Amino acid sequence: MMSLEVLSPVIIVSSAVIMIVCERLIPYTDGQPLFRKGFWTDLGMYTIFQSYLLSWVIFGFIHWLDGQTGISRFQIITSWPVWLQFLLFLITHDLYIYLFHRWQHRNKYLYRIHEAHHSVGDVDWLAGARSHSLEIVVNQTIEFLPIILLGAAPEMVLIKGIVDTVWGMYIHSNIDVRSGALQYVINGPEMHRWHHSKVIGNSINFSTKFAVWDWLFGTAYLPRPEKPAAYGLSTSNFPQGYFSQHWFAFRPFSKKRVERTEE
Ligand SMILES: [Zn+2]
Ligand SMILES: [Zn+2]
């Protein structure tokens, strides 16, 4: 059998191809081009360059911390079946992401490292990749630290990485998915695309993998068959380049109350 290291890029690339084809066949929003504005930055800089660089930073830190504390040698969950370990990390991290994401929209400092994610105008399968490096460092350290320190199965990091990537592409994809009652549990583009709405995205649909958090905590919005009129930030001065998008997070806060944490 092919190793997971080899299988992982195969699964990710084929999922991307399937989503690109579905976007052409059954688009959610009509008229979005495949090579939309920011496509190459999102693919080259965010998906490849940033992911590669940050995996060194994040896993370097986690292994350093483990070396200092030796926590993983207690093998706290090593004897658990792999599927149970996976469920544990899947559900707990998804709840964390929901809460942190909601907080990012309500705190003007935290929003600064999240607005890059909302700056894509044509939300599609690749749009989810655009996330400020600091946001990724926080979220992925919190995601992978317990996996390594609790002594999870060695393949758990890869499994979780594949699931994160494919599910992330799916919830942003420009596919007219009608998942019916399943949308109360499993999150998809029907709800997450509303989170990228220019007008009301700031206060609704913070879930990533499980929509159940939005329904449970009263932040769900699903006005089927209505669709968002426009995606992205309400301001037009967000820069286009990868590095300028990063520095933009550290611009001074405006004195007048025009600084918005909206959208
Ligand atoms: Zn958001
Ligand atoms: Zn998103």
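1. The zinc ion (ligand 2) is held by four histidine nitrogens, namely NE2 of H117, H172, H192 and H196, at 2.0 to 2.1 Å; donors here are N, O and S atoms within 2.8 Å of the metal (3.2 Å for Na, K and Ca), and since water is not among the atoms, sites may look incomplete. This is a predicted model, in which local features need pLDDT of at least 70 and side-chain atom pairs count only at pLDDT 80 or more, while totals for chains, interfaces and linings use all residues. Residues are numbered from 1 along each chain as its sequence is written, chains are lettered from A and ligands numbered from 1 in the order in which they are written, and side-chain values use heavy atoms, with hydrogens and water left out.

2. The angles among the four donor atoms of the zinc ion (ligand 2) run from 92 to 156°, and the site is classed as irregular. For that label, four donors count as tetrahedral if all angles lie between 85 and 135 degrees, four count as square planar and six as octahedral if opposite donors are over 155 degrees apart and all others between 65 and 115, and anything else is irregular.

3. Along the sequence, the donor residues of the zinc ion (ligand 2) follow the spacing H-x54-H-x19-H-x3-H. H117 sits in the loop between α4 (108–112) and α5 (133–149), whereas H192 belongs to helix α7 (residues 189–195), so this pair ties together parts that are 75 residues apart in sequence; helices (H or I, at least four residues) and strands (E, at least two) are DSSP runs, numbered from the N terminus. Both H117 and H192 are buried, where buried means under 20% relative accessible area, exposed over 50%, and partly exposed in between (1.4 Å probe, protein chains only). A separation of 5.8 Å lies between the zinc ion (ligand 2) and the zinc ion (ligand 1).

4. Some backbone details deserve a reader's attention. Most residues other than glycine have a negative phi, and most peptide bonds are trans. R224 and P225, however, are joined by a cis peptide bond with omega of about 0°, and P225 is found in the loop between α8 (212–217) and α9 (242–247). Q75, which is not a glycine, has a positive phi of about 45° and is placed in the loop between α2 (39–69) and α3 (82–106). N205, also a residue other than glycine, has a positive phi near 50°; N205 lies in the loop between α7 and α8 and is buried, with a relative accessible area of 1%.

5. The whole structure contains 19 aromatic pairs, a pair being rings of Phe, Tyr and Trp (its six-membered ring) with centres within 6.5 Å, counted as stacked when the planes are under 30 degrees apart, edge-to-face when over 60, and tilted for the rest. The ring centres of F49 and F243 are 6.4 Å apart and their planes meet at 65°, so this pair is edge-to-face. Because F49 lies in helix α2 and F243 in helix α9, the pair ties together parts that are 194 residues apart in sequence. F49 is partly exposed at 32% relative accessible area, and F243 is partly exposed at 46%.

6. Y96 and F100 form a stacked pair, 5.7 Å centre to centre with 20° between the planes. These two residues are four apart in helix α3, and are therefore separated by about one helical turn. Y96 counts as buried at 18% relative accessibility, and F100 counts as buried at 10%. Elsewhere, F35, F39, W40 and W125 form one aromatic cluster.
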